[in-house]
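Colleague: Could you take me through one part of this model, slowly and closely? I would like to start from a single pair of residues and work outwards.

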Amino acid sequence: LRWRLWPTVCAVFLIVKQTAATPSMDPAATETCHDHEVALHQKVLLLTSVLPDGFGDVIFGDCAAQELALSSVDLTWVRIYSSAAKLETGEGLVSNTSTVVATSYAFPTPAAFAAELRKGTFDDIWGTAAGIFLAPWIFGIHEHDTPLLDLAVRKQRVFWALSEYGRGMGHIHEYTKNLGKRIPTGWDAREAALPRQSDSAAAWSHGGVFKTILHVSHTGTDWRANLSARLGLTPESGVSSASNRPPRLWWAYGRRDSAATHAFRLLTTPQRDTSNSDAVKRWPQVAKVVPMAEDGSLASGVMRTTGELLAEQARELLHDPKYKANVDVAAASELQAHVAGQLSQLLVHILTRDVPVEEQKTAEIVVAPNSAISTWAGESAVIVTHLELLDRSGSKQSISLGRPVYLVEWPIPRAEMRTFLEQCEDAVIATGDQSVAEAVLLGKAPMIRPDAKVEQWELALAAMADKRIDSVPDLGVVLRDLLKSAELRFDWATQSDEHSKAVAAHINAKLGTSRSPDQETLARAGMFG
């Protein structure tokens with residue numbers, strides 16, 4: 001669960017309640033139009049819920065849409081954002097996919113989506129679709145839960161629900177009246193990379209990860225030239241790489257709400273000559289402040305994220321319904337924690353690694369779209385000219401860099417991601433589900449502990465080290481095979497019900513059957529698996 005939503009969680013009181021044990025239902029009995037292979041151009045419905053802490057959810061949904069579209073179905077893709085601003089940015093990321101699906105909806109808020117559900121806008125597609133997928137989804141925290149589950153019950157249709165990698169959905173068989181079936185996703189900690197008792201490629205006990213990026217077409221964009229031009233790195237400008245070699249590219253995808261933890265010092269803010277359109281762009285110069293240990297190494301340690309701090313509050317509430325949760329928390333900066341953050345570690349790696357003599361003056365470009373540097377530098381790009389090594393006593397040592405190092409917050413379009421990543425150096429920063437997966441699938445090494453979802457990062461690195469990336473199930477194949485095989489649908493539904501019942505027993509043992517609304521919310525949102 002992404003605990004940045006905790007203020008919302010505290011405010012939500014669920015209307016849907018279970019007053020009696022849900023009777024056992026045969027999955028096939030509630031899925032009358034699913035007992036045959038999906039025909040060409042049959043309808044499929046995909047719902048994507050985008051939480052406010054980033055855009056990993058819309059990227060997950062984009063992968064699901066691309067994978068389902070490979071089955072040549074008439075796909076209706078619905079995206080639900082947390083605000084109009086989020087919608088504008090998110091739609092820009094997935095415009096290539098959203099414009100080619102048969103039907104596309106984008107809602108600025110859960111309330112707007114709930115209103116359409118109550119109007120009956122989705123009654124027809126829910127009742128006639130050959131497959132219904134919620135990817136990704138989280139139950140318990142949004143006001144559209146009630147009308148969505150009401151629709152499912154009215155139509156008596158089984159639907160498939162996927163959380164982002166490694167997340168649970170609680171006792172889904174109970175609160176969906178046995179209609180919701182969870183597909184577990186992510187880098188499985190168990191030895192689940194082996195098929196179950198079937199020769200089918202989709203007969204897995206775990207859904208795996210989206211490998212969509214591996215079949216995305218190359219665009220032909222020269223990203224070294226593209227970014228060099230945007231930065232003004234040309235011989236004519238006098239600020240090109242001293243070696244006149246193409247710059248090296250580095251990918252640094254961290255969480256937006258972790259941007260404030262990075263310590264910089266603004267050195268100069270040059271005035272731009274705007275007298276003509278060909279004016280050379282001069283970027284602010286900054287020093288990167290780097291916490292150091294007494295022995296001269298990078299100061300190490302674990303910087304707890306805002307999500308981890310909120311999770312502590314949630315755990316207290318689970319055990320004590322009267323506990324007053326403190327949601328006014330913020331992650332410490334790398335200076336407050338005296339721990340070198342992600343960008344500090346990456347920059348030190350860039351500047352200390354062995355490179356041939358003839359390449360030591362080559363420019364470095366770090367693309368960090370969530371770094372929010374414009375909020376304090378006034379520009380979307382800066383040049384890092386110094387490292388300021390800071391020991392715990394407060395004394396500093398300033399080191400001038402021997403080559404140009406640029407940091408930019410420019411986003412990379414989804415359609416360009418494979419082309420861009422393949423031109424980047426091997427060491428990357430990746431945070432979240434799909435960013436880690438895509439880096440690993442393309443042979444990159446997410447070398448720095450992420451600021452969220454550490455367990456999935458560790459499992460991905462383990463799969464990479466053990467050379468078993470290829471054996472991890474392809475979640476896209478799993479979704480498409482669910483449309484084709486009634487046997488597989490039955491197997492996955494049975495597995496979901498068994499897991500959900502085990503989770504329900506665990507929840508009852510921990511919290512009892514009479515739970516507070518907040519406890520029930522957290523249970524549905526996956527706190528117990």
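**From one bridge to the whole sheet**

Modeller: L134 has A161 of β5 as its bridge partner. This is a predicted model, in which local features need pLDDT of at least 70 and side-chain atom pairs count only at pLDDT 80 or more, while totals for chains, interfaces and linings use all residues. Residues are numbered from 1 along each chain as its sequence is written, and side-chain values use heavy atoms, without hydrogens and water.

Now step back to the strands. β4 covers residues 131-134 and β5 covers residues 159-161. Two bridges join them, and they run parallel. That makes them a pair, since two strands pair if DSSP finds at least two bridges between them. Strands (E, at least two residues) and helices (H or I, at least four) are DSSP runs, numbered from the N terminus.

Where do β4 and β5 sit in their sheet? The order is β3-β2-β1-β4-β5-β6. These six strands form an open sheet with parallel pairing. At its edges are β3 (103-107) and β6 (180-182), each pairing on one side only. From one strand to the next, the twist averages 20°. Angles run from 0 to 180 degrees between N-to-C directions, and axes are lines fitted to C-alpha atoms, for helices over the stretch in contact.

Helices cross this sheet too. Contact here means heavy atoms within 4.5 Å. Helix α2 (residues 56-69) lies across β1 (43-49), β2 (74-80) and β4. It runs at about 170° to β1. Helix α18 (residues 486-511) lies across β5 and β6, at about 90° to β6.

Follow α2 further. It is one of the elements that each supply at least two residues to the lining of the second largest pocket. A pocket, on a 1 Å grid over the protein atoms alone, is an open set of points where a 1.4 Å probe fits, with protein on both sides within 12 Å along at least five of seven lines; lining residues have an atom within 4 Å of a point. Here 35 residues line it. G54, F55, G56, Y253 and N370 lie nearest its centre. Helix α15 (433-441) is another supplier, and it gives the largest share, four residues.
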